[in-house]
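The following questions and answers introduce one protein structure to a formal reader. Please keep the sequence and the model at hand.

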Amino acid sequence: CPDSRQGALRCALFTPKWPATTASNGIVTYVSVLNDQLRQGGHRPVVVTKANGSAVVGAGDEEIAQWSPRYGLLERIGDRLTKLLAQDDSQRRRTQAGRGIAEALTRENDDHPIDLLEMKESFGLSQHVARYVPFPVVVRLHGPWFLNGQANGVKQDRNFANRVEAEGQAIAAACAVTACCEDVLNATRDYYNITLPDAAVIPNPSPVYTPEEQWDANRADPHMILFVGRFDRHKGGDTMLLAFQDVANRFPDAHLVFIGPDTGIRTATDGVVHFMEFVAAHLDESVARRVNYLGKQEPSSIAYLRRQAAVPGIPASFDNSPHAALQSVAFGCPVVASRVGGIPEIVRDGHSGLLVPESDPNALADGIGRILADRDLAKQLGAAAALDAQERFHPRKVAEQTVSFYRDVIAKWKVGR
């Protein structure tokens, strides 16, 4: 990663949880892979995470900065004023969190100077942190709430509007912005009517697997369909189940393995329908017996099942850069996925997988059926997917792009101080 312009960078990477082994979260996975690759490249990343009551121990020489909301005397006085003036309590919590993150980073900066902080757009926290730190803050667009909240069926009330507004203000005020895909960057520009001249698309990194670890049609179960993701509308768990009803009628030996937590499908009346209730309501009893719901699984188990499955389905109603898609192409699996959000930037239709309209069970079933019925097509798509992952999403390539962008941001920030 280090280039000829300067030496090693000391960049802070914000993550909602740590270590990565304790959380099933796309942002945590992204930070984990980037952190490892930057360290391998001779840089000194600092992982920034919330204190959870006990010290987080990093692996080897890994650097960790833990933060807690600020509740000192002056902060308490300020919080009371903020509570009186703010529209809701979320503004006060964001201010406290921002001060706490900044304080933790300031301590790290005093020991060894930090060059830059990258943090997600969520809740507009970056704007509160940037007020207190002496280095540039880059906002990473993982999934702005105006996109992800709507995709998950969240009620669009005052809290929704306040969060969307706070995120827009933070994105507009950032020194620079990166996005995991072109789609989310363009959508953000259009929604907030902002130009974001200092923005770049840098994809999330994929895992890396050896040829021996990758998917092989000759070793896979020719009847197994795999879904990995939450059971909710966002990840398309409902669409997957409805599609399987159709697939099961056409392929009598087909069976579905469903992995992921049951967060439920939000209804129009703000209720929640959970997995077993949905299956009972929408699948024939004989078809329901061919669904194996495993809930949350360890990464090693998911990797094993990816190699076993004939085809993974990724039917998200919206997603920016789903880890399920990146992992699938890295394994060389023949993917059937929704043509929505950033997924077409990972899975290229007819080349490294098949894309179908989102929230369309019939189209998803047709795509899965094509893979189950044509093993030569499956092999062709899988081979192209593995090559794509190596050429476009390898962690080393993503880290090189990230470091190059960081250096440009730091140079511009120093000139503009």
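The questions below go from the sheets to the helices and then to single residues.

This is a predicted model, in which local features need pLDDT of at least 70 and side-chain atom pairs count only at pLDDT 80 or more, while totals for chains, interfaces and linings use all residues. Residues are numbered from 1 along each chain as its sequence is written, and side-chain values use heavy atoms, with hydrogens and water left out.

Q: In what order do the 7 strands of the open sheet stand?
A: Helices (H or I, at least four residues) and strands (E, at least two) are DSSP runs numbered from the N terminus, and two strands pair if DSSP finds at least two bridges between them. In this sheet the pairing is parallel. The order of the strands is S3-S2-S1-S4-S5-S6-S7.

Q: Which strands of that sheet are left with one side without a neighbour, and why?
A: A strand at the edge has a single partner strand, so one side of it is left without a neighbour in the sheet. The strands in that position are S3 (63–67) and S7 (199–201).

Q: Which residue of S4 is the bridge partner of Ala 12?
A: Strand S1 (residues 11–14) and strand S4 (residues 116–120) run parallel and are joined by 3 bridges. In S4, the partner of Ala 12 is Leu 117.

Q: What angle does the direction of H1 make with that of S1?
A: Helix H1 (residues 26–40) packs on the sheet, where it touches S1, strand S2 (46–50), S4 and strand S5 (137–141); contact means heavy atoms within 4.5 Å. Axes are lines fitted to C-alpha atoms, for helices over the stretch in contact, and angles run from 0 to 180 degrees between N-to-C directions. The angle between H1 and S1 is about 160°.

Q: At what angle to S7 does helix H7 run?
A: Helix H7 (residues 182–192) lies across S5, strand S6 (176–179) and S7. Its angle to S7 is about 150°.

Q: Which strands stand at the edges of the open sheet of 6 strands?
A: The order in this sheet is S12-S9-S8-S13-S14-S15, with parallel pairing. Each edge strand has a single partner, so one of its sides has no neighbour in the sheet. The edge strands are S12 (291–295) and S15 (353–356).

Q: Which residue of S9 is the bridge partner of Val 228?
A: Strand S8 (residues 224–228) and strand S9 (residues 255–259) run parallel and are joined by 5 bridges. The partner of Val 228 in S9 is Ile 259.

Q: Is H1 roughly parallel or roughly perpendicular to H15?
A: The axes of H1 and helix H15 (residues 395–416) come within 9 Å and cross at roughly 80°. Angles under 35 degrees count as roughly parallel, over 145 as roughly antiparallel, 65 to 115 as roughly perpendicular and the rest as oblique. Therefore H1 and H15 are roughly perpendicular.

Q: Which residues of H1 make the contact with H15?
A: On the side of H15, the contact is made by Pro 395, Arg 396, Ala 399, Thr 402, Val 403 and Tyr 406. The residues of H1 in this contact are Val 33, Leu 34, Gln 37 and Leu 38.

Q: Is Pro 395 buried or exposed?
A: Pro 395 is placed in helix H15. Apart from neighbours within four places in sequence, Pro 395 is in contact with Val 33, Gln 37, Pro 205, Ser 206 and Val 208. Buried means under 20% relative accessible area, exposed over 50%, and partly exposed in between (1.4 Å probe, protein chains only). With a relative accessibility of 8%, Pro 395 is buried.

Q: Why is the sulfur of Cys 181 in no bond with that of Cys 180, and what is the distance?
A: A disulfide is a pair of cysteine sulfur atoms within 2.5 Å, and the structure holds 0 disulfides. The sulfur of Cys 180 is the closest cysteine sulfur to that of Cys 181, yet it is too far for a bond. The distance is 4.2 Å.

Q: Where is Leu 196, which has a positive phi, found?
A: Most residues other than glycine have a negative phi. Leu 196 has a positive phi of about 50° although it is not a glycine, and it is buried, with a relative accessible area of 8%. Leu 196 is found in the loop between H7 and S7.
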